[in-house]
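Please open the model in a viewer and keep the sequence at hand. The tour below proceeds by selection, one stop at a time.

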Amino acid sequence: MDASLLLDLYRSMALCRRFEEAAAKAYTQGKIRGFLHLYIGQEAVAVGAISAAESTDYIVATYREHAHYLARTGDARAAMAELYGRATGASGGRGGSMHLFDAGKRFLGGWAIVGGHVPIAAGVAFASKYRDEKDVTLCFFGDGTANMGAFHEGLALAGLWKLPVVFICENNQYAMGTPLYRTLSVPDVAVRARGYPMESEIVNGDDVLEMRDAVRRAVERARKDSLPFFIEAKTYRFRGHSMADPAKYRSKEEVQKWMERDPINVLGQRMQTLGIASAEQLRALDDDVKAQVEDAVEFAEQSPLPAPETVTEHVYA
Amino acid sequence: MPEPRVVTFREALREAMVEEMERDPSIFLMGEEVGHYQGAYKVSEGMLARFGEKRVIDTPIAETGFAGVGIGAAMIGLRPIIEFMTWNFSLTAYDQLVNNAAKLRYMSNGQFTLPIVFRGPGGAAHAVAAQHSQALESLYAHVPGLKVVMPATPADAKGLLKAAIRDDNPVVFIESEVMYALKGEVPAGEHVVPLGLADVKRPGRDVTVVTWAKMLHTSLKAAEELARDGIEVEVLDLRTIRPLDCETIVDSVRRTGRCLVVQEGWPFAGVASEVIMLVVRAAFDELDAPPERLTSLDVPMPYATNLETLVLPSPDRVVAAVRRLLGLEEVPVRPAAAGGTR
């Protein structure tokens with residue numbers, strides 16, 4: 001076991017968790033507005049997957065994408081400033097929580113209409129193939145996407161044209177407030193991949209190493225053979241759909257059961273068992289991350305608002 | 001100056017694509033039937049043989065899918081031309097154009113440019129009924145982030161399409177299936193018509209008729225007829241709906257004092273309303289009569305030919321509308337549609 005890898009993964013997941021806890025706090029204080037969709041509980045999916053890709057591979061994500069942005073860029077300041085609607089934010093305060101972008105780091109959003117970004121991810125992969133570049137595109141989406149037309153059209157074209165894209169379904173069991181068994185006609189979303197066709201794998205999305213290994217295999221395959229791949233990560237969000245959702249449609253027992261699979265604790269315990277880190281060391285690491293998040297909050301609060309005279313900029317090139 | 005030759009509207013469009021694709025390998029054409037079938041309306045005839053399957057790409061019937069693929073490809077630097085077999089079908093991809101293509105640049109604070117052209121025929125066709133016969137430009141022109149271009153002559157078709165392909169923004173380029181065989185002089189080789197410039201297709205002193213696309217020809221016929229009575233109509237072809245060439249419109253109306261907008265689409269919240277708003281605000285003191293619009297009736301397109309004829313603007317209706325503007329004719333009787341405006 002590569003100790004430094006595990007420490008990196010732990011740190012990355014802790015950053016996502018502490019970042020979102022701070023964002024939730026700022027939201028309740030009225031400092032962050034609009035929609036805020038938390039990823040708490042699902043961190044292993046984004047962190048494991050993105051750690052498995054090259055930094056030159058493309059990421060296309062949804063409106064629940066703080067963790068993906070942080071896993072790719074590590075830039076808590078730009079992310080928090082964006083949530084605060086500041087000029088220093090990832091999208092200059094024009095996008096907010098749902099529209100984080102970093103063109104330089106190949107983080108291509110931040111899309112907030114369910115399913116609409118799936119064909120876009122196929123298009124990014126299409127361009128890589130068109131130019132004979134070996135980059136792979138990772139496309140994240142939730143289980144609620146699996147019934148959208150755009151999802152099916154995106155998968156159909158990726159399958160037809162053999163595009164190097166890895167579709168990663170973050171199955172957190174709920175499409176907003178409706179459980180999967182009431183919205184999906186098949187037991188697993190991965191079943192849907194067969195018809196396009198593409199190989200699929202169902203993964204424990206709360207195990208960052210399992211996630212990383214599965215995505216690494218998929219990315220290597222996509223790169224080598226120029227083929228799409230479908231991964232369904234079973235996971236759970238500990239919070240509601242957004243800050244506006246108290247998640248009363250779930251029992252305490254159910255939430256409790258899933259929280260026992262908390263991906264950060266799971267990895268932390270494994271590291272202690274393997275003697276890679278002591279509880280004390282993990283606490284110190286967590287403190288370090290908390291300090292980074294505090295710095296990001298401070299940075300966001302001190303940052304200027306977008307200048308009013310820029311409101312009409314960037315409509316057209 | 002390149003030598004003008006007479007070619008069809010369809011050939012002019014093809015010439016624009018072929019010349020641009022020869023020039024820039026990052027341009028490709030994608031859509032239903034564009035390759036092996038040689039184009040549903042033969043606009044892309046011969047292009048597959050010339051550029052191969054890599055750059056002339058047949059798609060399944062999946063507008064959302066291939067419109068989105070175009071957007072994704074443009075995000076990282078390709079310059080796609082996405083053909084909709086007709087703009088009617090673009091409505092299934094409306095989310096891709098409105099929520100994704102139009103807004104990406106703004107949402108990302110200018111981090112991305114999106115050089116992509118969506119093109120294909122639109123507007124009323126002959127006897128194909130409500131779902132295949134409609135002018136949708138106002139839906140797209142409404143959206144900041146999109147440009148909307150509608151050529152009316154073969155020369156403009158070539159020049160505007162070349163400009164659209166070279167533009168770094170998403171461009172909605174609306175042609176017309178009933179104009180594809182229209183012939184006209186078109187310069188060979190480099191011929192680019194900048195986007196955002198209207199063109200006076202017929203000068204006149206009495207009334208300004210603002211129009212675009214197929215309605216240009218309807219309006220020109222009307223202008224000829226009116227000229228026989230000594231009425232000189234200035235016919236202004238917008239060519240680009242967005243950005244709108246406010247200066248040329250206002251300049252013309254200031255000279256004539258009268259403005260009629262002729263549009264093929266429905267009246268409510270259409271492009272004509274926007275043009276008239278501009279005219280009223282910028283040339284109010286020079287107006288000799290309230291600006292008018294002539295549009296299709298406020299109904300879905302009927303199939304029966306006699307009804308279809310009733311719905312669309314025609315040269316005689318343009319004549320009547322101009323005469324009305326000049327106080328020479330009473331308001332003509334046309335059936336009032338539900339919620340309709342004239």
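Is D188(A) buried, partly exposed or exposed? In this predicted model, D188(A) has 17 other C-beta atoms within 10 Å and is therefore partly exposed. Select D188(A) and its surroundings: the residue sits in the loop that joins helix 7 (180–183) to strand 7 (199–204) of chain A. Apart from neighbours within four places in sequence, its contacts are I202(A) and E232(A). For a sense of distance, add A296(A) to the selection; from D188(A) it is 108 residues away in sequence and 38 Å away in space, C-alpha to C-alpha.

**Second stop: V289(A)**

Next, select helix 11 (residues 279–302) of chain A, in which V289(A) lies. V289(A) is buried, because 21 other C-beta atoms lie within 10 Å and 20 or more are required for that class. With neighbours within four places in sequence left aside, V289(A) is in contact with R11(A), A14(A), L15(A) and R18(A). P246(A) gives a second reference point: V289(A) and P246(A) are separated by 43 residues in sequence and by 27 Å between C-alpha atoms.

**Third stop: the largest nonpolar core**

Now select V165(A), V166(A), I231(A) and V322(B), which touch the most other members of the largest nonpolar core, a set of 207 residues. Helix 1 (residues 3–28) of chain A supplies the largest share of this core, 10 residues. In chain B, domain 1 (4–187) and domain 2 (199–325) each contribute at least three residues to this core. Centre the view on V165(A): not counting residues up to four places away in sequence, the residues it touches include A121(A), A122(A), A125(A), V136(A) and P228(A).

**Fourth stop: where the chains meet**

Display both chains and select their contact, to which chain A gives 31 residues and chain B gives 32 residues. On the side of chain A that touches chain B, two or more residues come from each of helix 5 (118–130) and helix 6 (149–160) of chain A. Helix 5 of chain A provides the largest share of that side, 9 residues. Coloured by class, the side of chain A that touches chain B shows 19 nonpolar, 9 polar and 3 charged residues.

**Fifth stop: the two domains of chain B**

Hide chain A and colour chain B by its division into domain 1 (4–187) and domain 2 (199–325). Their C-alpha centres are 26 Å apart. The contact between them involves 24 residues of domain 1 of chain B and 22 residues of domain 2 of chain B. On the domain 1 side, helix 7 (137–141), strand 6 (147–149) and helix 8 (154–166) of chain B each supply at least two residues. That side of domain 1 of chain B comprises 16 nonpolar, 5 polar and 3 charged residues.

**Last stop: a sheet in chain B**

Which order do the strands of the open sheet in chain B follow? The 7 strands run in the order 3-2-4-5-7-6-12, with mixed pairing. Strand 3 (56–58) and strand 12 (240–242) of chain B are at the edges; each has a single partner strand, so one side of each lacks a neighbour in the sheet. On average, neighbouring strands of this sheet are turned by 20 degrees against each other, direction ignored. Select strand 4 (residues 79–83) and strand 5 (residues 117–121) of chain B, which pair in the parallel sense over 3 bridges. Here I81(B) stands opposite V117(B) in strand 5 of chain B. Finally, add helix 3 (residues 63–75) of chain B, which lies across strand 2 (27–31), strand 4 and strand 5 of chain B and runs at about 170 degrees to strand 4 of chain B.

Terms used
Residues are numbered from 1 along each chain as its sequence is written. Chains are lettered from A and ligands numbered from 1 in the order in which they are written. This is a predicted model: local features need pLDDT of at least 70, side-chain atom pairs count only at pLDDT 80 or more; totals for chains, interfaces and linings use all residues. Two strands pair if DSSP finds at least two bridges between them. Helices (H or I, at least four residues) and strands (E, at least two) are DSSP runs, numbered from the N terminus. Axes are lines fitted to C-alpha atoms, for helices over the stretch in contact, and angles run from 0 to 180 degrees between N-to-C directions. Two residues are in contact if their C-beta atoms, placed from the backbone, lie within 7 Å. Ala, Val, Leu, Ile, Met, Phe, Trp, Tyr, Cys and Pro count as nonpolar, Asp, Glu, Lys and Arg as charged, and the others, Gly among them, as polar. A nonpolar core is a set of buried Ala, Val, Leu, Ile, Met, Phe, Trp, Tyr and Cys residues joined through C-beta atoms within 7 Å. A residue is buried if 20 or more other C-beta atoms lie within 10 Å of its own, exposed if 12 or fewer, and partly exposed in between; C-beta atoms are placed from the backbone. Domain bounds come from an automatic or database domain assignment.
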